[in-house]
Amino acid sequence: MQERDPRVRLEVEGAVAVITNDNPDKHNAFDDAMDAALFDILAELRGRPEIRAVVWRGEGRSWSSGRDVGSIGTNRTEMTHHELMTRGIRGIQQLWELEAPVIVAIHGWALGGSFQRALLCDIRIASTDARFMLPEVGHGVIPDTGGVAVLYEMCGHGLVSDMVLTGRRLSADEALAHGIVSRVVPREELDSTAMEMAEKIAAAPAVTVKMARRVISHLARPQVRASMEDELIYQTFVNRSDDMAELRAARAEEREPRYRGS
């Protein structure tokens, strides 16, 4: 059995599990190995019914700055792009199969795919220094982790289009105003607040928490799943498009790209 990448850690404190992003030198940016570790942790938690709540936090200056920029648009595995995308979608959808609610404690940057992963969780809280952004289009790709569908339900067409198409940055207070996070606290109180929330959930009757989450999930989950299937197809198309080839060539040749929309 391959050893789990230590840059994503799992610790258990009583009935509460804590997932920690621990790649602080890169603002907790994820690469393929970290993805695999996260998906392995989620698979483990699926088989541990004694875990009643999960906190997902980060070390260093940011919760997660998304995809490691050096990995965007590249594939260093033996899988095809479509297979890698499918692994990512199926892996993160394990969040929905956990018996325990997941609270994300966000500080610093929550960017791109990591921001979207947080949107798939049950609750998000933020410190006052948190910032949220979807910069994918600027890198020649589209958001592909399902979070856009959740964000659309929260905020509507206008804000989602602004964030996706222009890369607009949101502050913690803006995220709170739009319902993206439910609480904003000082940085030094973020972890303790998340643990207090998790412990309160863990102390409630397990079946009640389970049924309450099921009601909430049934309100929107089918649309989010459908959106993720669209993203899988469209991102694979983008990866093989003429414009993506032109983007890569222009950057290698240090010139302005000439896009044709195909």
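This dialogue concerns the sheet, two helices and the largest pocket of a predicted model.

Trainee: What is the strand order of the open sheet, and how are its strands paired?

Mentor: Such a sheet is read strand by strand, from one edge to the other. Here six strands follow the order S1-S2-S3-S4-S6-S9, and their pairing is mixed.

Trainee: Why is one side of strand S1 and of strand S9 left without a neighbour in the sheet?

Mentor: S1 (8–13) and S9 (183–185) are the edge strands, and each has a single partner strand, so one side of each lacks a neighbour in the sheet. From one strand to the next, the twist averages 20°.

Trainee: How many bridges join S1 to S2, and which residue is the partner of Leu10?

Mentor: S1 and S2 (residues 16–21) run antiparallel and are joined by six bridges. Leu10 has Ile19 of S2 as its bridge partner.

Trainee: Which strands does helix H1 lie across, and which does helix H7?

Mentor: One reads the strands in contact together with the angle. H1 (residues 32–46) lies across S1, S2 and S3 (53–58), at about 25° to S1. H7 (residues 190–203) lies across S1, S2, S3, S4 (102–106), S6 (123–127) and S9, at about 155° to S6.

Trainee: What volume does the largest pocket have, and what lines it?

Mentor: Its volume is about 770 Å³. The lining comprises 28 residues, with Asp122, Arg213, Ile216, Ser217 and Arg221 nearest the centre. S6, helix H4 (147–155) and helix H8 (206–239) each give two or more residues to this lining, and H8 supplies the largest share, twelve residues. By class, the lining residues are 16 nonpolar, two polar and ten charged.

Definitions and conventions
Residues are numbered from 1 along each chain as its sequence is written. This is a predicted model: local features need pLDDT of at least 70, side-chain atom pairs count only at pLDDT 80 or more; totals for chains, interfaces and linings use all residues. Side-chain values use heavy atoms; hydrogens and water are left out. Two strands pair if DSSP finds at least two bridges between them. Helices (H or I, at least four residues) and strands (E, at least two) are DSSP runs, numbered from the N terminus. Axes are lines fitted to C-alpha atoms, for helices over the stretch in contact, and angles run from 0 to 180 degrees between N-to-C directions. Contact means heavy atoms within 4.5 Å. On a 1 Å grid over the protein atoms alone, a cavity is a set of points where a 1.4 Å probe fits but cannot get out, and a pocket is an open set with protein on both sides within 12 Å along at least five of seven lines; lining residues have an atom within 4 Å of a point. Grid points are joined across faces, edges and corners, and a volume is the space filled by probe spheres set on the points. Ala, Val, Leu, Ile, Met, Phe, Trp, Tyr, Cys and Pro count as nonpolar, Asp, Glu, Lys and Arg as charged, and the others, Gly among them, as polar.
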